Amino acid sequence: MNILTFDIEEWFHILDNDSTKTAAQWRRYESRIHINMERIFKLLNDTGVKATFFILGWIAQEYPDVVRKIVDSGYEIGSHTQNHQLVYEQDSKTFSEEVERSIKTLEDISGKKVRCFRAPGFSIREDNRWAFDVLVKEGISMDSSVFPAPRAHGGFPSYTANAPAYIKYDGIVLKEFPISYANVLGKPVIYSGGGYFRLFPYFFIKRWAKNAPYLMTYFHPRDFDAGQPMIGELSLKRKFRSYVGISGAYNKLKNLLNDFDFIDIDGADKLIDWEKADVVAV
């Protein structure tokens, strides 16, 4: 089961960086969302693949036409919060307001029920598991925020189910579609999205994907935008992580979509026998 997803945000929505944290700061930068979305739409149209789009509420508010085109093209939408903030830097009330506002914005524009969610930076961690309770209370039934490995601003390394499963926390149950990984020398290696996908040669990605019964991808419009400006305030390490491999990422993804069959989260949900799915207590 191979699932294609995109996190819809601007090229300047870089986490953990003081100069790109607030909406007031975002207005200093040029918008590239339309040119980048057209690139994604063309790829999906050329390959005939369905995808789930986790859309930032801020994007929906500023560019409702982007949401309408996604929905009119027959693609599934989900929430990526309203303002692209790290969940573990918020309390439960603030996070609930972020999720609620994004869902309302998306549903008002699209006329579609929002059932899916992904946290910015996969920032639901072991120390803020209360976020799962918030999601259920806000009407989310399917989540894809678990990153089952250590990560700079997120990560849930104690979560070891490398497949869709039920998350059980404090009396609530939620369908989880975690980021997938390959076992390399006994360690989880993420390769199916973002900088990891851009960094690894396609030879390794294809081999790992071929051996994976479950593959969850995650891409951003900026992953394929070789013309985007560079945020000067980033450290050399962050610049490497944010910009490595962009020039070849589009063709790499096109090869992946041609070499394997992909579906969206809704399609995967319908295929899974949830009565036999694992239940993971977190």
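Student: Which residues of helix 6 (residues 130–137) are buried?

Tutor: Ala-131, Phe-132, Asp-133, Val-134 and Leu-135. Buried means under 20% relative accessible area, exposed means over 50%, and partly exposed is in between (1.4 Å probe, protein chains only). Helices here are DSSP runs of H or I with at least four residues, strands are E runs of at least two, and both are numbered from the N terminus.

Student: Anything I should know about the model itself?

Tutor: It's a predicted model, where local features need pLDDT of at least 70 and side-chain atom pairs count only at pLDDT 80 or more, while totals for chains, interfaces and linings use all residues. Residues are numbered from 1 along each chain as its sequence is written, and side-chain values use heavy atoms, with hydrogens and water left out.

Student: OK, back to helix 6. What covers its buried residues?

Tutor: The cover includes helix 5 (92–110), strand 5 (116–117), strand 6 (142–143), strand 7 (165–169) and strand 8 (172–176).

Student: And which residue with a positive phi follows helix 6?

Tutor: Gly-139, with phi near 90 degrees.

Student: Which loop holds Pro-148?

Tutor: The one between strand 6 and strand 7. Pro-148 has a relative accessible area of 3%, so the residue is buried.

Student: What is Pro-148 in contact with, leaving aside neighbours within four places in sequence?

Tutor: Phe-156, Pro-157, Tyr-159, Ile-179, Tyr-181 and Pro-188. Contact means heavy atoms within 4.5 Å.

Student: Switching to helix 5: is Thr-105 buried or exposed?

Tutor: Thr-105, which lies in helix 5, counts as buried because its relative accessibility is 16%. Not counting residues up to four places away in sequence, Thr-105 touches Gly-57, Ala-60, Gln-61 and Gln-82.

Student: How do helix 2 (residues 33–47) and helix 4 (residues 64–72) sit relative to each other?

Tutor: Their axes come within 11 Å and cross at roughly 10 degrees. That makes helix 2 roughly parallel to helix 4. The labels go like this: under 35 degrees is roughly parallel, over 145 roughly antiparallel, 65 to 115 roughly perpendicular, and the rest oblique. The axes are lines fitted to C-alpha atoms, for helices over the stretch in contact, with angles from 0 to 180 degrees between N-to-C directions.

Student: Which residues make that contact?

Tutor: Helix 2 brings Ile-33, His-34, Met-37, Glu-38 and Phe-41, and helix 4 brings Asp-65, Val-66, Lys-69 and Ile-70.

Student: What about odd backbone angles, say at Asp-16?

Tutor: Phi of Asp-16 is near 60 degrees, which is positive in a residue other than glycine. Most residues other than glycine have a negative phi. Asp-16 sits in the loop between strand 2 (5–8) and helix 1 (23–26), and is partly exposed at 44% relative accessible area.

Student: And what is phi at His-84?

Tutor: About 55 degrees, so His-84 also has a positive phi although it is not a glycine. His-84 lies in the loop between strand 4 (76–79) and helix 5, and counts as buried at 5% relative accessibility.

Student: Zooming out, how many helices and strands does the protein have?

Tutor: There are 11 helices and 12 strands. Of the 282 residues, 59% count as buried.

Student: What box do the C-alpha atoms fill?

Tutor: Roughly 45 × 45 × 40 Å, taken along the principal axes.
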